[in-house]
Amino acid sequence: MIRILKKPAGKQPVVKQPVVISCVNLKGGVGKTAIAVNFAAYCGRKGLRTLLIDLDPQTNSTFSCISVPDWEAHATSKGTVANLLGVRQHTSAEGKEKTANDVIIKGVFQGVDLLPSHLDLFTIDLDLSSEVARESRLRRAIKDVLSNYDIIVCDCPPNLTIPTQNALAISTHFVVPVALDFLSSLGIALLLNRITKLSELLENPLKNAGIVISRVGRKSYFRSQTAQTLQTAFKNMVLSTQITERASVAQSAAKNCSIFDMGDAAASAEFRSLGAELLTKLTAK
């Protein structure tokens, strides 16, 4: 297991705290969702009690796990992460605030629960502009369910706005997926610097679990040079596993299943390798 917590002699039991990892990048289209969803699925298959939190208003992680009609029904009756962040309080007919237990969808994959997203997060920075402690709302909302999980995986939007801040405020680690194109790799140093400063402001030190080269396509001189530049600049931060651009990854999302249920041996092997590498990083002392 990820954690072994013992009860100190003569003291109250220690509340179990899961490992929490956020997938972040300042650019979209770099494979954040595929890595978040399939890493969560990998952890669930390894026997870890896993929670996938979708904080991206595009809701791609959500729709990778459940159908649009199921999401619509759940969002209306139970709520989404937008409720927990204080954006959709009007959806409660009883006038009560939604809780994490209301919102979480159990068993979307083997061993994996889902905290779904909502398009309302697109305007959250405006909606909460005058609110205090905006970046700690998720932490307060899920504190009562933390002990239910060994690992939490957060899929973040391609920015450092309120949803990403809330993810980083509860995280122990972060991982940076990057595609081998100029724009994807350009802002990594800036991102790492901003995360360091943000973690200091949040008083929540974060560990870098690594940089994942993702969406690898046909070989080209430019892509090879970009990969070499990343490995030279960031050295052992760059994980050894690379994720190839494959149709089966997109198809798995459309079918609301993980890559491990698609019958693509090569793709499954890559995500298993990445999962094992990330878990090693997360459990390192």
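Which residues does Ser64 touch, not counting residues up to four places away in sequence? In this predicted model, the answer is a group of seven names: Thr33, Val37, Phe109, Ser252, Ala253, Asn256 and Cys257. Ser64 itself sits in helix H2, which covers residues 60-65. With a relative accessibility of 7%, Ser64 falls under the 20% limit and therefore counts as buried.

One of the partners of Ser64 is Asn256, and this residue deserves a visit of its own. Asn256 lies in the loop that links helix H12 (247-254) to H13. Its relative accessibility is 24%, so Asn256 is classed as partly exposed. The backbone of Asn256 has a phi near 60 degrees, a positive value in a residue other than glycine. As background, most residues other than glycine have a negative phi. Ala133 also has a positive phi, in this case near 50 degrees. Ala133 belongs to the loop between helix H6 (124-127) and helix H7 (137-142), and its relative accessible area of 33% makes Ala133 partly exposed.

The loop holding Asn256 leads to H13, and here helix packing comes into view. Two packed helices are described by the angle between their axes and the distance between the axes. For helix H1 (residues 32-45) and helix H13 (residues 265-283), the angle is about 80 degrees and the axes are 9 Å apart. H1 is therefore roughly perpendicular to H13, since angles from 65 to 115 degrees fall in that class. On the H1 side, the contact is made by Ala34, Ile35, Asn38, Phe39, Tyr42 and Cys43. H13 contributes Phe271, Arg272, Leu274, Gly275, Ala276, Leu278, Leu279 and Leu282. Sorted by class, the contact of H1 with H13 has 11 nonpolar residues, two polar ones and one charged one.

The interior can be explored through its nonpolar cores. The largest nonpolar core has 49 residues. Within this core, the residues with the most contacts are Ile53, Leu115, Ile142, Ile152, Cys154 and Leu168. Ile53 offers a good place to look around: leaving out residues up to four places away in sequence, Ile53 touches Leu115, Leu138, Ile142, Ile152, Val153, Cys154, Asp155 and Ile170. A second core, separate from that one, has 40 residues, and Leu48, Ala75, Ala209 and Ile243 are among them.

Technical notes
Residues numbered from 1 in each chain as written. Predicted model: local features only at pLDDT ≥ 70, side-chain atom pairs only at ≥ 80, totals over all residues. Heavy atoms only, no water. Axes fitted to C-alpha atoms, helices over the stretch in contact; angles between N-to-C directions. Helix = DSSP H or I, 4+ residues; strand = E, 2+ residues; numbered from the N terminus. Parallel < 35°, antiparallel > 145°, perpendicular 65-115°, else oblique. Contact = heavy atoms within 4.5 Å. Nonpolar A, V, L, I, M, F, W, Y, C, P; charged D, E, K, R; others polar. Core = buried A, V, L, I, M, F, W, Y, C linked by side-chain atoms within 4.5 Å. Buried < 20%, exposed > 50% of the residue type's maximum accessible area, 1.4 Å probe, protein only.
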